[in-house]
Amino acid sequence: MSRDVEDHRIHNNSQNLPFGEVVERHLSRRQILQGGLGLAALSMMGGFGLGGSNGAWAQNKTPLALAFESIKGSHTDAVVVPPGYRAQVLIPWGTPLNARASAWQKDLAMTPEQQANSVGMHHDGMHAFPLDAESGSRRFLLALNNEYIDQDALWAPQGGPTQPDGVRPADEVRTEINAHGVTIVEIRRQDDGGWTHVVDSPYNRRITTATPIMLAGPVAGSDYVRTRYSTDGTRTRGTNNNCANGYTPWGTYLTCEENWPEVFVNTGERFSDDARLGLPTDRGRYGWETAAGDGEQEDEFSRFDVTPRVGEASEDYRNEARTFGYVVEIDPYTQAMAVKRTALGRFRHEGCWPGPVRAGEPLTFYTGHDSRNEYIYKFVSAAKWDPADAPRPGNEADRLAIGGKYLDEGTLYAARFDEDGRGEWLPLTPDAKTPSGQTLAAALGLAADDTAGIIIHTCDAADLMGATPMDRPEWSSVDPVSGEVYFTLTNNSKRTAADTEASFTNDGTAIDAGGVGYATAPANVANPRANNENGHIIRWREQPDNRFAWEIFVFGSDAGAGDNRSGLTEDNQFASPDGLWYDARGEGQGILWFQTDNSDNAVAEYTNDQLLAVVPGALGQDASGAGSVIDAANQSHLKRFAVGPNGCEVTGIFATPDRTALFINIQHPGNWPADGDALGQDATRATNGQVRPRAATVAIWKEDGGQVGL
Ligand code: FEO
Ligand code: CA
Ligand code: CA
């Protein structure tokens, strides 16, 4: 989501000081290593118990080499890729999925029915699911998040959205609701190397902000989520503001609810979690609640106004927002009802990425809360991985039942990053002890066994356990061999100097426990730059006993900045890292791709948002023998691979199993793709004149048919 548009108001009002009031503002990685057991030192000592380290393999293997020259930054209405590559627009917003939708045309008047049967708007996280074991590189299901909407583009033929007498027309609201959510669409490769979607594939499907969805895990069936729609608290309608994503080892898609609070409104007393998460108090983002009234069906619009109305929670929608803020599991291969997996926490989820998968061990999933001074989390399943649950030809297993086995019971942790380069996962369980010695349940004012309450108040629980406030956690990805976890921290305008006091906001309207958080937080070792406008990427390795060792992999910067800590040049300067994928290429090696969602700084003056690549294993080793981070001596390995069109964010990423095609998303372009009527077209063609902009997936492949990047 564009930094211009996104509402990242400070919702963290914690009364806790950020971990370690005493932090060193400019602690370098090597100082960390010298001062304690940092990632590299522990790696050398074999302290991770993971088998293999960058140091070990780097001594024995020839590192992969990126076989393209870094491209220049650009400001055009076109996608730019290196010479020898092709880039094609695929499934732009409005692409019909079946015969119930009319053909796209540039002046198409969108309707609820048309939008419900077409690709949604503002593509973000995505993942591919093979349609059989042999053809995953030529035929697959694409699961795609449609994060939010551009009302001007959606309603371009009528000159924009309307609101006569302050009331949004019902069909405008239904259309906007149907433009959000998730798209499942079959994709095939053509003989010329290009790509197309399959109209009327039986797999094609939309899940929108109106689609019935199950609740599962600790919150399901609790008093926290009883509504007039679901008096027993087991269902809700819709998933919203689906930002990044994840996937499971059993073949399902995870879609994550990020900026969902904005579509609700509460004009009365707010729960503390409503306040903490930033529910509007005057009007929902698009005014959907204004369409409530005689013409609505089953409270389809009333539910967005969560102001308490009547006696019982099961008679109104005061709890509707408590059915949002989750990781949602979808079986892309069936029409089964999606499931909100509440055990993975409730906040503004960016995404949810699996850790290494090992038989007989619990599964791990990493997830972050993208708001300023919020936290990084990890979920560890109670069930241990059984390889029989992996997808395989002929396996007709109920994938969502398998999902329940691994995702409904487990432990959610929040991360505390310590000054010695280590860190600890803090359990968010009712009986966990806070630093003040209380149980977490008691500290939150909850009953001793109220796991559902902990989940509803996830970020307050993380505050109370002493988690480290971060610079807006976005995407994560794990090197499956080394176990190294990479995490983007995009930027933070509310990060103050290390020697300043934290400040807190609390508007005093909360009606129950909690309501804590940071308005501003001083710099700490894991987020060392005040007013961090360029962001950074952190990485860590797990250790026994809920410990980990971490380091900062690269700092965003413009090449000319005085605080250019990773030595970036014009060839790779970047800011606001967001999308990220560790692309394993075999033998313990891989490419780390990352994407940007940047604006209003020196890097933005140089280039539009971009996709960069680096082979971490090619960076060499530091004195300890572990893999290096990016610095002035090795930074030429970090290369710019693609640049998006004006106004866009580059996000979403995966490749075919054979790595002959890479897919990214162009979200909120200003004036692209060039041909207003075409669906598939050359993504690198610059727009001539003005078009109705459409977010789209872009397929990138090498003209010689080789592996992308190599
Ligand atoms: Fe939707 Fe945090 O990006
Ligand atoms: Ca993002
Ligand atoms: Ca972002």
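Which residues of α8 are buried? They are R399, L400, I402, G403, G404, Y406 and L407. Keep in mind that what you're looking at is a predicted model. With that said, helix α8 is a handy place to start a tour.

**Around helix α8**

Helix α8 runs over residues 399-407 and is mostly covered, with seven of its nine residues buried. What do those buried residues pack against? Strands, as it turns out: β10 (253-257), β11 (327-330), β12 (339-341), β14 (362-369) and β16 (376-384). Have a look at the start of the helix too, where D398 sends a side-chain oxygen to within 3.1 Å of the backbone nitrogen of L400.

Just before the helix there's a loop that joins β16 to α8, and D389 sits in it. Why does D389 count as buried? Its relative accessible area is 11%, and the cut-off for buried is under 20%, so D389 makes the cut. Setting aside residues up to four places away in sequence, D389 touches P249, W250, I402, K405 and Y406. Two of the names there, I402 and Y406, also turn up among the buried residues of α8.

**The whole chain**

Now zoom out. The chain holds 12 helices and 34 strands. It has 710 residues, and buried ones make up 65% of them. If you take the contacts between residues at least 6 apart in sequence, 70% of them join residues at least 24 apart. On the outside, the chain exposes about 23,000 Å², and carbon and sulfur atoms supply 48% of that area.

**Three more buried spots**

Here are three other residues worth finding in the viewer, each with a value for how covered it is.

| Residue | Relative accessible area |
|---|---|
| V328 | 1% |
| T656 | 1% |
| I456 | 1% |

V328 lies in strand β11, which is one of the strands that the buried residues of α8 pack against. Leaving out residues up to four places away in sequence, V328 touches I213, T239, Y253, L254, T255, E257, A338, V339 and K340. Take E257 from that group: V328 and E257 are 71 residues apart in sequence, yet 7.8 Å apart in space, C-alpha to C-alpha.

I456 belongs to helix α10, which covers residues 451-456. Beyond its neighbours within four places in sequence, I456 is in contact with V219, Y224, D273, R322, Y326 and R346. I456 and F347 are 109 residues apart in sequence and 8.4 Å apart in space, again C-alpha to C-alpha.

T656 sits in the loop between β31 and β32 (661-667). Apart from residues up to four places away in sequence, T656 touches S137, F140, W195, A661 and F663.

**The largest pocket**

One last stop. The largest pocket has a volume of about 1,300 Å³. How many residues line it? The lining has 50 residues, and H127, A128, P130, Y247 and T248 lie nearest the centre of the pocket. By class, 32 lining residues are nonpolar, 11 are polar and seven are charged.

Helix α8 comes back here, as one of the elements that each supply at least two residues of the lining. The others include β2 (123-130), β9 (242-247), β13 (349-354), β20 (473-478), β27 (577-586) and β31 (649-655). So ends the tour, with α8 as a thread you can follow from the strands it packs against to the pocket it helps to line.

Definitions and conventions:
Residues are numbered from 1 along each chain as its sequence is written. Chains are lettered from A and ligands numbered from 1 in the order in which they are written. This is a predicted model: local features need pLDDT of at least 70, side-chain atom pairs count only at pLDDT 80 or more; totals for chains, interfaces and linings use all residues. Side-chain values use heavy atoms; hydrogens and water are left out. Buried means under 20% relative accessible area, exposed over 50%, partly exposed in between (1.4 Å probe, protein chains only). Helices (H or I, at least four residues) and strands (E, at least two) are DSSP runs, numbered from the N terminus. Contact means heavy atoms within 4.5 Å. A polar contact is a pair of N or O atoms within 3.5 Å; within protein, one must be able to donate a hydrogen and the other to accept it, and residues adjacent in sequence count only if both atoms are side-chain atoms. Accessible areas come from the Shrake-Rupley method with a 1.4 Å probe; for residues, only the protein chains shown count as cover. On a 1 Å grid over the protein atoms alone, a cavity is a set of points where a 1.4 Å probe fits but cannot get out, and a pocket is an open set with protein on both sides within 12 Å along at least five of seven lines; lining residues have an atom within 4 Å of a point. Grid points are joined across faces, edges and corners, and a volume is the space filled by probe spheres set on the points. Ala, Val, Leu, Ile, Met, Phe, Trp, Tyr, Cys and Pro count as nonpolar, Asp, Glu, Lys and Arg as charged, and the others, Gly among them, as polar.
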